[in-house]
Amino acid sequence: MQERRWVSVVFFDLSRFTEYALAHPLEDTWQAANSALQSAAGHARLFGGHIDKFFGDGFLSVFGVPRSQESDARAALEAARAMVASSPLPGRAGVASGLVLRTPLGGGLAGDQTVLGPAVNLSQRLSQAAPPGEVWADTTTMRLVSTALGEALPPQPLKGYAEPLTPFRYAGLRSGSGNLVGRSTELRQLQELLQKVGSSGRRVILSGPMGVGKSYLAQHFVATLPEGVQGLVAPRLTAGVALRYALRQGLQDLLKEGLSGLRELELPERLRSILTFSIGLDEHPGLPSSELDALLVETWWQVLAKVAEKGPLVMVLEDLHNADPTVLEFSRRQPPPGVLLLLVARQNRWGSASDLVSLELAPLSLEHTQILVLQARPELGTATSLHLAEASGGFPLAIQALSLTNSGEPEPIPLYQPRLDSLPRLARVALQASAVLGPTVPPELVRHLVGEEADLTRLVGEGFLEADEHGQLKFAIPWLREATLGQVGGQQVQQWHQQAARWYQREGRLAESAGHLESAGEVTTAYRLWRVVAQTAWSEENYAGAILGYLEALRLAEGSVRLNAALEAAEAHLALGRYLEASELADLALQAPETPQVLRERALAIRLEASLELGQPEPLTLSPAATQEPRLRLALARTLPPAEARRLLGYLPSNLESQSHLILARGWLAEGHLVRAQAECEMYLDQSAATPAGRFQARILLAQTLWRQFKPQDAWEALSEEPGEVLPAWFSAWHQATKAALALDLGDLAQAERLLERALVLTEEAPDPCFERVSSVYLRYLEESGQLREARSFGEVALARTPTPLLLAHLVLIYALTPGQAAAEMLGRLLRGLEGVQDLEVRALCALATGFRAQYEGRPARESLRRAALLARQAHHPTLYFYALIALGQELESRDPKKSLVLSQYLLSQTAGRGFEVGHGYARLLRAQALLGQGRETSSLLEFAPVTPLARAWQAALTSTRQGGGAVSPKALGDYGIVGVWARWLKRNSPWGVNPATPRSQRDIG
């Protein structure tokens, strides 16, 4: 069976052995070589290595198989050093660490498994390059052993390596405990507790997640104990490691007399036989298991008490999160006087007691983490070390993983492999399956793959996995998943992904199934399933899921299938208002030379539709009659005059009829057939095939047709449905600006301001048509609310970004309202720039601006204002129509008072009850002013609440009071420009008895 393992490899060989063999008889040569190699192999085994194979004058030993220890790299270095130092013949050794494949060769007929990988080759090359009596090691091994002393040698050319490598000459281990970073508070607490164990023993629980530094803190504490205090670190006590073996090994190092010293301890006779059994000197006493366990606990507590009589004792028990019951029972008793028992585990399993203190280690702070990174890799700069510190999450073990490579990419396997090896086989397999299946995985899927006996509870309890808020399993600490993945072979990965795909498909979770099919290498099947995912999601109006499905399908598609996938994705983006993306996807098909004509025309249609929506139509030389693709004829219809478009749309297939309603609505609106336009919009909105972007466009068009029919309140209701998050943000900007324009008509300037503030924030990425819409409404708001300076400033900036005739026309109106000769000259230049523009709204704005300026300068304005009203009426633009008539009424008042009265009455009838509150207010004031000029009663006309500062000032002037909204400052009126000048003049010159609108008076105030 193949197995991926991280190992440290030692290659030992005899130097100048050929010379020795030529100078000695064969028997003597064999005996000398055999003695030297057996001696060296003995050192390898003594340090925990596995002899992989012998070669004539050398052998290969591996540390990390079949099980790993955290000290594998250190053991390999020390074993190599002992081999070289004790060899009767000149020897040398090379040590390298890395990932290998442990596998049988020759079909398994050649015997035991061997290891294959770069580390094996490198160790041999290092040994061959080293002089006799030296151990050379690679950089990775030296970094794995923080206390290793080594001299970096000049780069060496090694056989098989393209670039010279820098080896290290190993010189032993550095003494001392090393630095302790970020744990000074916990260390001080342990030292304080140690001072209190004289009268009664203490237990300290040192808990925290895997890799947070619990063992290092415990070992540092033991290594720095004051003189006279004994320290004992028992080996890791995971399940399967008996208490007696762990304590025996620890005490053997602690007692000067070794294990024989235990026999001299004064113990009761019934416990002495238990002790001799537990240290391996007597046979099993033949007691029942439960009774023997209880006696073992009692015996070893007595042993500790006797040892502590010679001085305080600190004993560390590690890995208690999954220890044997006997070990846990041992740890639940209060220690004898003089003993500080340090219990190291990932969770607190001991509750509370008078002798118990809990210290929970959290990840290190960013500052302390960066210090540790620089200690491991002092050559790194501040920015790089900070990046690695952040990536580690404050876990010292993760810092080591990040510090092993020059690139800063993690190499976690050597650090986590010993912890993974401590798990039972099924738990380890369940962990590997979890790693393969993704960042998060349902526990029921893991059980399905591994079996119901998969011990997921243990994996969670020991801190390998944790459950997220949705009950999914995920790895608990950084890089543990990557380390686990490194142990899984490719064949097993493929098999698990295939099984997971089938499981997800049975569960109806097709997207997850497609992802696992791709990971299993079944790309074509994954492509088909992603298309099903996209189509299903679209039918359920899960548009984000549909887009994901189409893009994933496109990513996996190959050959001619890729062209169809690109167009499917493009149409989905088009339907969701993502026009740039739709155009880019269509280009994939257009740029491919092998694209069939039908697909090419479909791609052209998508790109044309996208460019039209973005306000950047691309000229096409195609004739509608020459196109085969109905979709392209549909797109071309949008570029034709309405009558021609209607003829073309009569020949579309039924599946495209719904889209034709929007084109027909635009055409009827352009021709002024508002009822027909309204009907087409309503028919589209009733269609089940309507897309999100199409529904938005239909609602905007419907609101326009209703507004142009003098129904602003109905138009407001048509916009009650928000665009939603499925469409890009700028759709909301367009929607809010349209509602703001209606709010202005309805007399709610405060709401209009709020809507426009939100809309302006969302226009940064908006296409030109949307930006033009938002900007034009905002300019209108500034003009109506008396903020002419802000309007001029904003208008110039907006025009610089999007130079459209409509924005330029608004700027024309602004300069027409601005007093002064410079403004008049700028007005003339801007008007010349708009000559020849046929848009009715633009022409109406220019005519209105010309009339305003003529009134201000005392020139006849009647024709300009009449033209403005006529153009606004032709454009079906109620607001401009009303304003042009109000200005015309002012003009007629001095020249033809009777016509002014008739016009004011007409304005009242047209605005009353229709929702145009601002226009209706101005109509009332115009009517009142005309009646006052003839000495007639106006009180009922003036009894209303004006909306704008201008209307309030006009009302106050006509009533000589400050009704409806309080005082209006001259400064506020000044920001209406020339209209504000007129309003201030009107206030000073009472209209009754004085004609307020004579050309002379206008010239006087100019």
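Is Glu541 buried or exposed? Glu541 is exposed, with a relative accessible area of 53%; buried means under 20%, exposed over 50%, and partly exposed in between, computed with a 1.4 Å probe on protein chains only. The points below take up this residue and other parts of the structure.

1. Basis. This is a predicted model, in which local features need pLDDT of at least 70 and side-chain atom pairs count only at pLDDT 80 or more, while totals for chains, interfaces and linings use all residues. Residues are numbered from 1 along each chain as its sequence is written, and side-chain values use heavy atoms, with hydrogens and water left out. Helices (H or I, at least four residues) and strands (E, at least two) are DSSP runs, numbered from the N terminus.

2. Glu541 and Trp479. Most residues other than glycine have a negative phi, and most peptide bonds are trans. Glu541 has a positive phi, near 60°, and lies in the loop between α23 (523-539) and α24 (543-556). Trp479 also has a positive phi, near 70°. Its loop runs between β16 and α20 (480-485).

3. Cis peptide. Val65 and Pro66 are joined by a cis peptide bond, with omega about -5°. Pro66 is in the loop between β3 (58-63) and α3 (72-86).

4. Strand β10. In a regular strand the side chains alternate between the two faces of the sheet. In β10 (residues 230-233), Gln230 and Leu232 point to one face and are buried, while Gly231 and Val233 point to the other and are not. β10 pairs with β11 (residues 313-317) in the parallel sense, over four bridges; two strands pair if DSSP finds at least two bridges between them. Within β11, Met315 is the bridge partner of Leu232.

5. The β14-β16-β15 sheet. Strands of a sheet pair through backbone hydrogen bonds, either parallel or antiparallel. Three strands make an open sheet in the order β14-β16-β15, with antiparallel pairing. Its edge strands are β14 (440-441) and β15 (465-467), each of which pairs on one side only. Three bridges join β15 to β16 (residues 473-475) in the antiparallel sense. One bridge pair is Leu465 with Phe475 of β16.

6. Helix α14. Which residues of α14 (residues 382-392) are buried? They are Ser385, Leu388, Ala389 and Ser392. These residues lie on the same side of α14 because they cover an arc of only 105° around the axis, the arc being that of the directions from the helix axis to the C-beta atoms. An α-helix has 3.6 residues a turn, so residues three or four places apart point the same way. On the other side of α14, Ala383, His387 and Glu390 are exposed. The buried residues of α14 pack against α13 (366-376) and α15 (396-403); contact means heavy atoms within 4.5 Å. Just after the helix, Gly393 takes a positive phi of about 70°.

7. Glu613. This residue lies in helix α27 (residues 597-613). Glu613 counts as buried because its relative accessibility is 15%. Leaving aside residues up to four places away in sequence, Glu613 touches Tyr579, Arg638, Arg666, Gln697 and Pro769.

8. Val842. Helix α40 (residues 840-856) contains Val842, which is buried at a relative accessible area of 3%. Which residues does Val842 touch, not counting those up to four places away in sequence? They are Pro805, Leu806, Ala809, Leu834 and Val837. Val842 and Ala809 are 33 residues apart in sequence, yet 5.7 Å apart in space, C-alpha to C-alpha.

9. Cavity. The structure holds one cavity of 30 Å³ or more. On a 1 Å grid over the protein atoms alone, a cavity is a set of points where a 1.4 Å probe fits but cannot get out, and lining residues have an atom within 4 Å of a point. Grid points are joined across faces, edges and corners, and a volume is the space filled by probe spheres set on the points. The largest cavity encloses about 40 Å³. Its lining consists of Asp745, Arg780, Thr879, Phe882, Tyr883, Phe916, Val918 and Gly919. Two or more lining residues come from each of α42 (878-895) and α44 (917-933), and α42 gives the most, with three. By class the lining has four nonpolar, two polar and two charged residues; Ala, Val, Leu, Ile, Met, Phe, Trp, Tyr, Cys and Pro count as nonpolar, Asp, Glu, Lys and Arg as charged, and the others, Gly among them, as polar.

Methods. 1 Å grid on protein atoms, 1.4 Å probe; cavity = no way out; pocket = protein on both sides within 12 Å on 5 of 7 lines; lining within 4 Å.
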